[in-house]
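Ready for a few warm-up exercises? Have a look at the structure first, then work through each task.

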Amino acid sequence: MTQWLHMSHMLPFLPDQTINNLYPPTTFPIEVRHFLAEWIESQRWEDFTLENVEQESQARVLFDQAISTLQTIAQQNSSVVDRMKLMQISKKLAVCHQPLEFAVMVKNILRNENAMINMQAQTPNIQHCTPPEVSSPSMQDVDHLVLKVLDIQNTRQTMHQLQEELNWEKHNCEAFQGPHQHNGLDKTMAEIQKVQSKIQQLDFNLNSMAKKRFQLLKECVDCLDQCQSRFISRLKLWRWEQHKATIGHPFDDNLNPLQTWCEQLLGVNGKLRQELMLIGEPIPELQERLRQLLQVLIQSSLVVEKQPPQVIKTQSKFSTTVRYLLGEKIAPGKPVVLKAQIINESQARNQGSIPGDTVGELLNNTAILEHNTASKNTCATFRNMSIKKIKRADRKGTESVTEEKFALFFSTEITITGCDTPYRIQMISLPLVVIVHGSQDNNALATIIWDCAFCEPDRVPFVVPEYVPWRMMYSTLNSKFTSEVQTKHHLDKCNQHFLAQKIFDKPDYNGDFSNMMVSWAQFNKEVLPGRMFTFWQWFEGAMELTKKHLKTYWSEKLIFGFIGKQHLHLILKDKPNGTFLLRFSDSEIGGITIAYVSTTDNGGLKIQNIQPFAKRDLEIRSLGDRIRDISEITHLYPNRPKHDVFQKFYTEPQASPTGGYIPVSLHTKVGTEAASTSHLSPSTVCPSPSMAGVCPSPSMAGVCPSPSMTVVSENSSSALGYPLNQFPQQQCDQPEAIPPDIMDVVASPEGFLPELSTGNNMDLDIESLLQVNTWREADIYASDM
């Protein structure tokens, strides 16, 4: 009964309607699934189909066993209530089902359960995990409702014919019994009795039809109520899925099926109200129910089809689109103008009234609902909206401005064709954060991610939990990462474990983090130990770097990703010299580093980590070219020759420049290789065009700087204490080709940067030299194995 155990954990989070659709109360109550769970899952149901009548005998055996087992469980149950309930269900099943029909139904239920469990495994937030056949709009119910209305109309027309016939027969009867005979014909008593008998029959038929008509009307109103409730639930689910799309969950933004559904419900409501008016005698109960259903439908049909950005900077333009699903039913005449206001969290909780106090000033905050005859959509598009200023609430404790949530409030007054009363309709957008500077964007996005991932359906705006289980946090990170990078390669278990170690600050813990609770503060308020940034800032940096520069590498599983140094040592310790892997830096935001196995001076092996390459570095020279440049690395972990793996990422050599110029190229060097270059004489290396003949120090004579960053050992140092960087260089056949003016500069390093100090950890600002990029001190970490 493993499958039922999974389902039992999911059921508390499912809507009642979904549960009823999955386990129909009249044909397969959920109690049957619960008490027969072990028996059901031990049988084979997959082979049954309604077309295969040869399976009838086999289905009969299973059907009888199910009834018998259920009755046995009922008799053994100590609860009188459960015992009586189960006995009643077993008798009902025996009467309602054919054996083969029962077997196919069980098969479909198990398939639906399995689909939900599989979806839940991919997206642990259970609210998204309804199978298509359960969550899809019940258009068949609408069609059934329309047929019921047609039945009512046919009944009314039949009654009208009966009434006309009855009136005619009564008229004839009165004429027969009058003092004067029509047409000179005498009517016998038998004929008069025959007419009277027909009148009585017509009267009886008319009364029966009237009762049937009333019953059909009541059933239709009940059915309309249920169908409209399903529609509103489905519309809420659409909004919920739209919200979850922020963190990468799949979302179908097509509103056309819901619009068709909504229009059909409005049409049915109008026809039923018309039928009630034609009855002649008022039926207040049904009339009031239809009025309330109409009001709810009209006021629920305003949808924010295109949400505004959820992080908005003041004084910047943005757009949003609001759609009205009953747009074709709007009464012609006065245009419908939709107004937008910005509201805070407190005002969002009181949506029953239009906000009085303004918390911000919006520019271009009105738009007309316009109908597109081609698409049949009615939308109001706010194309150039802007928040001019914002008024913030008093903050609590350590709460920052990027944690305060607002929303856009849309409202208007609308009149529907066939309705005398205008209706006030309104809708709010998803929560958003207002910032005043681009530096706040990252923290504001963290607020939105937390809100989107962990809010509950139908919550009080905009309440979110302070703590969530790590399994939910990891699912959110994985969904956001894969959707932003636009890849099918998910974060694996190793990545998950290291991320947990990082956020909980437990680098030595190897247990299961799944049920540990993560707080909002750990996510994006408290900086990571020994760092100047939060967990989210670090994770988002790696995500952005992958999205912009490493998408193909990641998608082809060439990047190991998030891995701690302990795990790194564990998997590389037995690998030969030159084995390397690519991992995200855990000490810098938005960096990727190469960890590789190298030899020590005494012939042993050690693991070294090359200084991380950031976005700027990869814009100058791609990761593939850098991997080709570094001779110390030969095989990608576990044992793939690097040229076989990365060759397609290599940049082809450029053709020789015209005009007689000497070609130059950037080349990445690390450690001792970069240091050894410094021992070349000035006459053996041709300078870069932008730094012709200029060398920063005697220890770097003959090495010309470039925008490309290279890495050296911490133990490597220059005579002046500058970091040893790698530069593009050109080997020259003739030393005497170097012009004398260049030799003068090389001989006088003081003329290069006389103001530079000789500190061991200084950063060289090459912008003053190249006007291009900033040098960073190279860094390499080594540990003996």
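Below are three short exercises with their solutions.

This is a predicted model, where local features need pLDDT of at least 70 and side-chain atom pairs count only at pLDDT 80 or more, while totals for chains, interfaces and linings use all residues. Residues are numbered from 1 along each chain as its sequence is written, and side-chain values use heavy atoms, with hydrogens and water left out.

**Exercise 1.** Work out the strand order in the open sheet of four strands.

Solution. Start with pairing: two strands pair if DSSP finds at least two bridges between them. Strands here are DSSP runs of E, at least two residues, and helices are runs of H or I, at least four, numbered from the N terminus. The order is then β6-β4-β9-β10, with antiparallel pairing. At the edges sit β6 (366-368) and β10 (423-428), each pairing on one side only. Next, zoom in on β9 (residues 406-414): six bridges join it to β10, and Phe409 stands opposite Ile428 in β10.

**Exercise 2.** Which side chains of β5 (residues 360-363) are buried?

Solution. Buried means under 20% relative accessible area (1.4 Å probe, protein chains only). Gly360 and Leu362 share one face and are buried, whereas Glu361 and Leu363 point to the other and are not. As for partners, β5 pairs antiparallel with β8 (residues 377-390) over four bridges, and Gly360 stands opposite Ile390.

**Exercise 3.** Find what sits over the ring of Trp538.

Solution. The rule asks for NZ of Lys or CZ of Arg within 6 Å of the ring centre and within 35 degrees of the ring normal. The charged end of Lys502 fits, 4.8 Å from the centre of the Trp538 ring. Likewise, the charged end of Lys506 sits over Tyr509, at 5.5 Å.

Notes: Buried < 20%, exposed > 50% of the residue type's maximum accessible area, 1.4 Å probe, protein only.
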